[in-house]
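Let's take a walk through this fold together. Have the viewer open and follow along, one piece at a time.

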Amino acid sequence: MNELLKFQNVNISYENKQVLYDISFSLSSGEIFGIVGNSGCGKSTLLKSILSLEGPKVTKGDIVFEDRSLLSLNNEDMRQIRGKSISMVFQESGIHTNPLKTVGDTVFESMRAHSKISKRDALDTAVHIFESLSLPDPKRILSSYPFELSGGMNQRVGIALAMLNKPSIILADEPTSALDPIVAVQIVNELKSLREKYNTAIILVTHNIKIARSITDTIMVLHHGKIADYGNTKEVLSSPKSEFTKELILSALG
């Protein structure tokens, strides 16, 4: 597997407050990489820093994507990467869509931002992706407004929307935390499907150790903004090095 993304001794701050310390890891194509930890440990901040979203600022180190430093890119270059090479699935499904527009209109806008494509071709692409992810009746979904779909369906649509431009990496920020357990399993299966069908790499932020255990190849445990454990998921969860990770596993898995 070729290396797509690398964090090299990265520190991240909000204004003058440092929240992440000396973070280093790598992500390969087709890899599902989990980030777990307690609330406020910096999980979501790490994802935002990859796409240079407003708020966090890298104060040390480098973030490298396909041999290019993301920190050296201008706004236009980053705009081309966001949604095309690296997409994001948010915790709140409503962030993916506009309540005043149909899902189909959102699809067209998302694809039009990165390529000169007709609406018909955009919708045909969406139907294919929806079908590949086993979303029922794709044409009905595309003609629907978000409020006409359930929370679970909106989240599944969000995953499909993230795949429109066939990105190399999907960043999934707590995509199951607002869902009931049955729907959460469906979302996990959708993410697995992306890797199997498209060889998409996924960084999954979650507080749920059970979900991380079931889906990730590699895991990183954050505690107070620092790496407590990092490595193969089975190895970390069976033989954690830090006391924090041991306590986290005990409380989640018993």
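Strand β6 (residues 86-89) and β7 run parallel and are joined by four bridges. To find that pairing in this predicted model, look for Ile 86, which stands opposite Ile 169 in β7. Val 89 of the pair has Ala 172 in β7 as its bridge partner.

Now step across to the other neighbour. β7 is joined to strand β8 (residues 201-205) by five bridges, and these two strands also run parallel. Here Ile 169 turns up again, with Ala 201 in β8 as its bridge partner.

So how many residues of strand β7 are buried? Five of the five in residues 169-173 are, so the strand is largely enclosed by the rest of the structure. In a regular strand, side chains alternate between the two faces of the sheet. You can see that here: Ile 169, Leu 171 and Asp 173 point one way, while Ile 170 and Ala 172 point the other way, and all are buried. Note that Asp 173 is on that buried list too.

Zoom out and these strands turn out to belong to an open sheet of six, ordered β6-β7-β8-β3-β9-β10, with mixed pairing. At its edges stand β6 and β10 (226-232), each with a single partner strand, so one side of each is left without a neighbour in the sheet. From one strand to the next, the twist averages 15°.

What lies across β6 and β7? That's helix α6, running at about 175° to β6. Helix α7 (residues 181-198) is worth a look as well: its 18 residues reach 26 Å from first C-alpha to last, close to the 26 Å expected at 1.5 Å a residue. Its buried residues are Val 183, Ala 184, Ile 187, Val 188, Glu 190, Leu 191, Ser 193 and Leu 194. The spacing makes sense if you recall that an α-helix has 3.6 residues a turn, so residues three or four places apart point the same way. The buried residues of α7 pack against α4, α6 (151-162), β7, β8 and α8 (209-215). Right after α7 comes Asn 199, with a positive phi near 55°.

Stay with α4 for a moment. Its axis and that of α7 come within 10 Å and cross at roughly 115°, which makes α4 roughly perpendicular to α7. The residues that meet are His 128, Ile 129 and Ser 132 in α4 and Ser 193, Lys 197 and Tyr 198 in α7. By class, that contact has two nonpolar, three polar and one charged.

α4 (residues 119-132) has another crossing, with helix α3 (residues 103-112): the axes come within 9 Å at roughly 110°. These helices are therefore roughly perpendicular to each other. Among the α3 residues in the contact are Val 107, Phe 108 and Met 111, and the α4 side includes Leu 123, Ala 126 and Phe 130. The contact of α3 with α4 has eight nonpolar, two polar and two charged residues.

Finally, there's an open sheet of four strands, in the order β2-β1-β4-β5 with antiparallel pairing. β2 (17-28) and β5 (68-69) stand at its edges with a single partner strand each, so one side of each is left without a neighbour in the sheet. β5 pairs with strand β4 (residues 57-65) over two bridges, and Val 64 stands opposite Ser 69 in β5. Helix α1 (residues 43-50) lies across β1 (3-14), β2 and β4, at about 115° to β1.

Definitions and conventions
Residues are numbered from 1 along each chain as its sequence is written. This is a predicted model: local features need pLDDT of at least 70, side-chain atom pairs count only at pLDDT 80 or more; totals for chains, interfaces and linings use all residues. Side-chain values use heavy atoms; hydrogens and water are left out. Axes are lines fitted to C-alpha atoms, for helices over the stretch in contact, and angles run from 0 to 180 degrees between N-to-C directions. Angles under 35 degrees count as roughly parallel, over 145 as roughly antiparallel, 65 to 115 as roughly perpendicular and the rest as oblique. Contact means heavy atoms within 4.5 Å. Ala, Val, Leu, Ile, Met, Phe, Trp, Tyr, Cys and Pro count as nonpolar, Asp, Glu, Lys and Arg as charged, and the others, Gly among them, as polar. Buried means under 20% relative accessible area, exposed over 50%, partly exposed in between (1.4 Å probe, protein chains only). Two strands pair if DSSP finds at least two bridges between them. The expected span of a helix is 1.5 Å times one less than its number of residues.
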